[in-house]
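Morning, everyone. I have one chain to show you today, and I'll keep it quick. Have a look at it first.

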Amino acid sequence: MSLKNMLGKLAKKAIEEAPNLIAKAAANAAAEASKRQAELDRRSPSVERSYSNTSSEPKIGGFTVNQWDKRWVRLGKLENLTIENLKPYNKSIGLYKATENGTVKYIGRAIEYNNGGFRKRLRDYVRPSDSGRKHQSGQSMNSNAENLVISILIVGNSAAQVETVKQLEKAMIQRYGSVSEIWNVQRN
């Protein structure tokens, strides 16, 4: 067998194996998200106040806003987020943050744990139909998709964490004073 034939067969096998490798990577990401969720589930989703000597900062879902702020996971540019690379987050709920040139432009929430979680919410901004872009924030996200870097903050995957997500969204919007009031209009 010639080197050319051997390389051709190896390339063909690699192409055939690629979907399996992608699925395995997605499964590993989902397993990691589940581990994080298990840790979060051990904590109460209600707002608490810590009276320890080190901090009197309020806690949301068992963590301070500062602690939550260290847990963002960078996904990449909004325009490049596909259904496939968002699949591990289908049932995850929490916050997403859009930054442009290092400035936070928008903080939103994904709370539909039974309807696609982060995948659905983030894909609304870039899919061909504009049904997810009726408001100014959605239009701004869509028109700036090539410049926005998206990070997510996984809070949970059930109804029990929805209130935590809402509280955390308000706290993060306050934390990032640079968030545009035009993009971030809170309704509830």
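Start with the outside. Met1, Leu3, Met6, Leu7 and Leu10 make a nonpolar surface patch of about 570 Å². Keep in mind that this is a predicted model. Take one member of that patch, Leu10. It is found in helix α1, residues 3-41. Is Leu10 buried or exposed? It counts as exposed, because its relative accessibility is 52% and the cut-off for exposed is over 50%.

Now the whole chain. It has 6 helices and 7 strands. From the N terminus on, the order is α-β-β-β-α-β-α-β-β-α-α-β-α. There are 188 residues, and buried ones make up 38% of them. The chain exposes about 10900 Å², with 50% of that supplied by carbon and sulfur atoms. On contacts, take those with a separation of 6 or more. Residues 24 or more positions apart account for 66% of them.

Next, helix α5, residues 136-143. Which of its residues are buried? Ser137, Gly138, Ser140 and Met141. Seen down the axis of α5, these buried residues fall within an arc of 160°, so they line one face of the helix. What covers them? The cover includes three strands: β5 (93-100), β6 (103-110) and β7 (149-156).

Stay with β5, because one of its residues deserves a slide of its own. That residue is Lys97, which lies in strand β5. Lys97 is buried, yet it has no salt bridge. Where is the nearest side chain of opposite charge? It belongs to Asp69, and it is 4.5 Å away. A salt bridge would need the lysine nitrogen within 4 Å of a carboxyl oxygen. So what is in contact with Lys97, leaving aside its neighbours within four places in sequence? The list is Trp72, Val104, Tyr106, Ile107, Val149, Ile150, Ser151 and Tyr176.

Last stop, Asn90. It lies in the loop between α3, residues 83-86, and β5. Asn90 counts as partly exposed, because its relative accessibility is 21% and buried means under 20%. Now pair it with Asn115. The two are 25 residues apart along the chain, and their C-alpha atoms are separated by 7.5 Å. Again leaving aside neighbours within four places in sequence, Asn90 is in contact with Tyr113, Gly116, Gly117 and Arg119.

That's the tour. Questions, please.

Definitions and conventions. Residues are numbered from 1 along each chain as its sequence is written. This is a predicted model: local features need pLDDT of at least 70, side-chain atom pairs count only at pLDDT 80 or more; totals for chains, interfaces and linings use all residues. Side-chain values use heavy atoms; hydrogens and water are left out. Buried means under 20% relative accessible area, exposed over 50%, partly exposed in between (1.4 Å probe, protein chains only). Helices (H or I, at least four residues) and strands (E, at least two) are DSSP runs, numbered from the N terminus. The arc is that of the directions from the helix axis to the C-beta atoms. Contact means heavy atoms within 4.5 Å. Patches are made of residues with over 30% relative accessible area and no salt bridge: like charges are joined within 9 Å, nonpolar side chains (Val, Leu, Ile, Met, Phe, Trp, Tyr) within 5 Å. Accessible areas come from the Shrake-Rupley method with a 1.4 Å probe; for residues, only the protein chains shown count as cover. Lys and Arg count as positive and Asp and Glu as negative; His and the chain ends are not counted.
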